[in-house]
Amino acid sequence: MARLRLSEQVLLDARGITGPDADALDAEAWASRWLGEVWRAAPLGETEPEHLLCTEVAGRATARHSDPAMAAVAALERVAPVAEREMLAQAVDILSSSRPRPAWASGPAWEPVAAFRGADVWLDERVLFVEYSGAGRPHTLMAVIADDGDAAVGVLRLVEPGTAARWEELRAEHGDVDDTTPPMPIAEAEPSAVLAELAMAMRETDLVWPRDAEGDYSHLRALAWTRCRDDLAPWPDWTPTASDERDRLTGEFAERGGLPYDDVTRSLAGLFLDYGDGYIRPGPLAWSPGRVALFLADHLPRKVVLDAEQRERLPSALRAWVRFALEKRGLEPRWIEPVEEAVKTYHAAFEKTFDDESAWGPAKRIVSGLTERHDP
């Protein structure tokens with residue numbers, strides 16, 4: 001039996017949003033799921049994976065008018081990329097000559113009425129909530145963002161209004177909290193600021209390859225973009241720590257770190273600050289277990305050349321640095337200790353991979369070659 005074309009599958013599935021119980025949110029979530037499927041399955045280098053789906057569905061729908069065809073095109077029009085909406089609107093006009101538009105198709109736009117955000121004490125995980133009213137059923141768009149390295153949206157969900165107020169309770173119910181889990185207090189924020197934060201995280205998530213295999217992000221990606229695209233800010237400029245602030249921090253570290261304040265310690269403190277400036281988005285002092293892991297097991301082996309003295313002092317210096325940094329941020333000792341323990345845990349991975357030339361990046365290969373050339 002021949003497999004149905006994707007557009008035929010879409011039109012058959014659209015029967016689920018043609019009934020009297022369907023509303024605008026159902027339609028948008030349905031269309032977002034199909035757009036997410038083609039986005040997730042697109043090959044590397046494909047920049048407009050949703051275009052083919054929208055074109056095929058509109059073409060097949062206008063060739064054979066039906067209520068599911070009208071519902072499918074009208075739902076896609078609500079959440080498809082901006083470049084596809086004029087074509088989809090024209091298809092809706094053609095279909096309206098013989099089929100009524102769904103009741104939800106002409107409802108008012110969703111209006112963000114409240115927003116909340118939270119972050120754990122290490123600032124490496126965030127949760128965002130935007131509550132909506134307007135075209136029918138009130139709801140909340142929720143996103144969980146991991147921030148160890150580049151921001152990545154791990155969870156996108158549609159949940160009930162008021163979920164933000166129950167966030168810690170829900171974390172406990174789902175087994176996500178124990179004595180070692182840092183709290184994530186929730187505070188109210190401006191909806192436009194939270195949507196801008198979501199948009200920036202989605203922009204970075206969209207650059208990750210391979211794409212999410214489970215569909216948790218991709219299924220609501222199109223819907224979320226329609227809510228936050230207008231708040232997307234330009235890429236921020238990089239601003240390193242000012243030289244006088246660097247001198248102040250390294251000087252204070254020398255007094256409190258318990259290490260010899262010599263060229264080795266100064267060079268390592270500079271290395272830690274450089275990594276914080278370049279890779280720790282909340283600021284160079286916001287170390288976490290995950291950021292220690294990336295620094296030791298990925299960044300140093302790929303990008304950094306260390307001499308024997310630096311390498312020997314690295315674990316003690318990094319433990320001292322993360323304690324110094326997190327004390328400066330005001331964290332309690334119980335949230336500093338896991339970060340120190342991560343140094344011990346991931347130093348073994350550093351030792352295993354640091355001398356593995358296959359893990360080196362191009363710059364490290366060049367620097368290492370020059371160093372060897374000048375060794376006596």
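## Ala317 in helix 12

Ala317 is buried, with a relative accessible area of 1%. That value is under the 20% limit, so Ala317 counts as buried. The model is a predicted one. Ala317 is found in helix 12.

Which residues is Ala317 in contact with, leaving aside its neighbours within four places in sequence? They are Phe253, Leu259, Leu268 and Phe272. Trp30 is elsewhere: its C-alpha atom and that of Ala317 are separated by 52 Å. Along the chain, Ala317 and Trp30 are 287 residues apart.

## The chain overall

The chain has 376 residues, and 46% of them count as buried. It contains 14 helices and 5 strands. The C-alpha trace spans about 85 × 50 × 40 Å along its principal axes.

Contacts can also be sorted by sequence separation. Take the contacts with a separation of 6 or more: residues 24 or more positions apart account for 67% of them.

## Helix 11 against helix 12

Helix 12 covers residues 308–328, and helix 11 covers residues 289–303. Their axes come within 12 Å and cross at roughly 145°. The crossing is right-handed.

Which residues meet where helix 11 contacts helix 12? Helix 11 supplies Val292, Phe295, Leu296 and Leu300. Helix 12 supplies Leu314, Leu318 and Val322. By class, this contact has 7 nonpolar residues, with no polar and no charged ones.

## The five-stranded sheet

An open sheet of 5 strands has the order 4-3-2-1-5. The pairing is antiparallel. Strand 4 and strand 5 are the edge strands, and each pairs on one side only. The twist averages 20° from one strand to the next. Helix 7 packs on the sheet and touches strand 1, strand 2, strand 3, strand 4 and strand 5. The direction of helix 7 makes about 125° with that of strand 2.

Strands of a sheet pair through backbone hydrogen bonds, either parallel or antiparallel. Strand 1 has two partners here. It runs antiparallel to strand 2, and 8 bridges join the two. One pairing sets Glu111 against Ser133 in strand 2. Strand 1 also runs antiparallel to strand 5 (residues 186–189), joined by 4 bridges. On that side, Phe116 stands opposite Glu188 in strand 5.

## Two hairpins

Strand 1 and strand 2 form a hairpin with 5 residues between them. Leu123 lies in the loop between strand 1 (111–119) and strand 2 (125–133). Its phi is near 60°, a positive value in a residue other than glycine. Is Leu123 buried, partly exposed or exposed? Leu123 has a relative accessible area of 26%, so it is partly exposed.

Strand 3 and strand 4 form a hairpin too, with 5 residues between them. Strand 3 spans residues 139–146 and strand 4 spans residues 152–159. They pair in the antiparallel sense over 7 bridges. Within this pairing, Ala143 stands opposite Leu156 in strand 4.

## Nonpolar cores

The largest nonpolar core has 58 residues. Which of them touch the most other members? They are Ile17, Trp30, Trp104 and Leu156. Another core lies apart from this one. It has 38 residues, among them Trp122, Val264, Leu331 and Ala342.

Leu156 links the core to the hairpin described above. Not counting residues up to four places away in sequence, Leu156 touches Leu141, Met142 and Ala143, among others. Ala143 is also the residue opposite Leu156 in the strand pairing. The other residues that Leu156 touches include Leu198, Tyr217, Leu220 and Ala224. Asp216 and Arg221 are on the list as well.

## A cis peptide bond

Where does the backbone have a cis peptide bond? The bond from Trp209 to Pro210 is cis, with omega near 0°. Pro210 lies in the loop between helix 7 (191–206) and helix 8 (218–228). Helix 7 is the helix that packs on the sheet.

Notes
Residues numbered from 1 in each chain as written. Predicted model: local features only at pLDDT ≥ 70, side-chain atom pairs only at ≥ 80, totals over all residues. Heavy atoms only, no water. Buried < 20%, exposed > 50% of the residue type's maximum accessible area, 1.4 Å probe, protein only. Pairing = 2+ DSSP bridges. Axes fitted to C-alpha atoms, helices over the stretch in contact; angles between N-to-C directions. Left-handed = near helix turned anticlockwise from the far one by under 90°. Contact = heavy atoms within 4.5 Å. Nonpolar A, V, L, I, M, F, W, Y, C, P; charged D, E, K, R; others polar. Core = buried A, V, L, I, M, F, W, Y, C linked by side-chain atoms within 4.5 Å.
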